[in-house]
Amino acid sequence: MRVKKGLAGLVSIGLLAGAAMAPAAVSAQDDINIIVVSHGQSSDPFWSVVQNGVNDAAETMGVNATYTAPGGDTFDVVAMGQLIDTAVASAPDGIIVSIPDADALGPSIVAAVEAGIPVVSMNSGSDVYKELGILTHVGQTEYEAGYGGGEKMAAEGVTTGLCVNQEIGNVALDTRCQGFADALADNGATALDVLPVVLADPAGSQATIEAALSANPEIDGIMTLGPTGAAPALRALTELDMLGDVALATFDLSPEVLEAIDAGDMLFAIDQQQYLQGYLPVVMLTLYNQYGGLLPGGGGVVLTGPGFVTQDNAAAVIELSAAGIR
């Protein structure tokens, strides 16, 4: 497995991945069953990479891992909570969860912990996993990632920034916008109110972004919170002939995002290496079950990001994206 150099937490991740890739040290354990409950569909370009990580780790470690998520195209924490409850009832050897809304999902997660099921969180939940009794969290810290994006935007000369949120109610995304806004303010720039768009309506999202740009000509920077927000923003800027005049950046990667960065139409993408967010928790829970509670990092956050994909390194990342790893 190739991991991009220079990202936060690389040393601890490298050691863990190295352990996972040493088949002589770990025998197959096909009686270990792990269930993943995510808020993101595997059909989404971001979450499909997470699922690839889950599947590859399960194959490497010789365990059974099942990826589940709410159906449909809407953000649905109620359905996600029900999936966690179903997972708990099946008494697996481990559960992996994302935590986009701790208030809604907390009771189901605590029920898993109280049932004696080891739980690892990934992607979202770095600020709440400890209080829920979760063993460790794999991902990036969202506020710091947003703040880093805001700093980078300000350094590029952005004076009025707009954060576009395609999943209102996802606390992790709200935190990204807050970090972005704080960084702009700390660098003498202005952050406008968050612009909500609809995840399942890319045409409507594009129209909403176009309307915001037309209503406020001072906007010279847009931060989107994922590829499903970046694509409508890119099309809006193209339609209004504002590419190059308004800086555009995003969280997370997709083929369209990487091609736009490589072409110079987007400044950067904040990369949290979601393949590792699927891969590492499966490795952790396997070793935890095999070796009596073996756990790396003392139960802290295992960082997979943030890193930045820019025009300088986009071409190399495109190759790994085609392989389903980035």
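A salt bridge, as I will use the term, is a side-chain nitrogen of Lys or Arg within 4 Å of a carboxyl oxygen of Asp or Glu. By that criterion D271 and R326 form a salt bridge, with their closest N and O atoms 2.3 Å apart, and I should say at once that this is a predicted model. D271 sits in strand β11, residues 268–271, whereas R326 belongs to the segment after α11, which spans 314–322, so this pair ties together parts that are 55 residues apart in sequence. Both partners, D271 and R326, are buried.

The structure holds four salt bridges in total, and I would like to turn to another of them. R176 and E142 meet through their side chains in a salt bridge, at 2.8 Å from N to O. Since R176 lies in helix α6, residues 171–186, and E142 in helix α5, residues 142–155, the contact ties together parts that are 34 residues apart in sequence. R176 is buried, with a relative accessible area of 3%, and E142, at 7% relative accessibility, counts as buried as well.

Let me now move to E256, which forms a salt bridge with R235, the closest N and O atoms lying 3.7 Å apart. Here the pair links distant parts of the chain, with E256 in helix α9, residues 255–263, and R235 in helix α8, residues 227–239, at a separation of 21 residues. What is the burial class of E256? At 35% relative accessibility, E256 counts as partly exposed, and R235, with a relative accessible area of 34%, is also partly exposed.

How values were computed. Residues numbered from 1 in each chain as written. Predicted model: local features only at pLDDT ≥ 70, side-chain atom pairs only at ≥ 80, totals over all residues. Heavy atoms only, no water. Helix = DSSP H or I, 4+ residues; strand = E, 2+ residues; numbered from the N terminus. Buried < 20%, exposed > 50% of the residue type's maximum accessible area, 1.4 Å probe, protein only.
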